[in-house]
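Q: Please take a close look at the salt bridges of this model, and then at what lies around them.

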Amino acid sequence: MMRGEALSAYRALIRATRKSFSGDDLMLKASAREIRKKFEENRHVTSASDIQRLLEEAREATHFISTMIVQAKLNERGGYEVKPGKEHAGATFEIPSEEILRKSP
């Protein structure tokens, strides 16, 4: 049963990153690698309480990625646009500085 929950949590995280980072191959690959790494690091955890804690962390991460991350996209005018969806209602936006944006690929 725990294996099924872990697999569901893994898939939910992957789906959340695919939606949040759609069109950004660098972030898609990096986030998939990081998710895989975290799950592999904890593959041999056997304590039910530790497993439940890890599953809760995965659920929280999925929620955070789905509701708190919105990517800015470069528009045809050379500026960046943020188009939050209804899942982002109530979130506070932090706009990255021009310096950070220039460093991104």
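A: A salt bridge is counted here when a side-chain nitrogen of Lys or Arg lies within 4 Å of a carboxyl oxygen of Asp or Glu. By that rule the structure holds six salt bridges. The model is predicted, so local features need pLDDT of at least 70 and side-chain atom pairs count only at pLDDT 80 or more, while totals for chains, interfaces and linings use all residues. Residues are numbered from 1 along each chain as its sequence is written, and side-chain values use heavy atoms, with hydrogens and water left out.

Helix α3 covers residues 48-68; helices (H or I, at least four residues) and strands (E, at least two) are DSSP runs, numbered from the N terminus. In this helix E57 bridges to R53, with the closest N and O atoms 3.1 Å apart. The two residues are four places apart, about one turn of the helix. E56 and R59 form another salt bridge, at 3.2 Å from N to O, and are three residues apart in α3.

How exposed is E57? Its relative accessible area is 39%, so E57 is partly exposed; buried means under 20% relative accessible area, exposed over 50%, and partly exposed in between (1.4 Å probe, protein chains only). R53 is partly exposed at 43%, E56 at 34% and R59 at 41%.

Helix α2 spans residues 25-41. K37 forms a salt bridge with E34, where the closest N and O atoms are 4.0 Å apart. Because K37 and E34 are three residues apart in helix α2, about one helical turn separates them. K37 has 42% relative accessibility and E34 has 37%. R36, E40 and R43 are linked in a network of salt bridges.

T62, also in helix α3, is buried, with a relative accessible area of 15%. Leaving aside neighbours within four places in sequence, T62 is in contact (heavy atoms within 4.5 Å) with A9, A12, L13 and A16. Of these contacts, A9, L13 and A16 are among the nine residues of the largest nonpolar core, a nonpolar core being a set of buried Ala, Val, Leu, Ile, Met, Phe, Trp, Tyr and Cys residues joined through side-chain atoms within 4.5 Å. Helices α1 (2-20) and α3 each supply at least two residues of this core. I35, another core member, touches Y10, L13, I14 and T17, not counting residues up to four places away in sequence.
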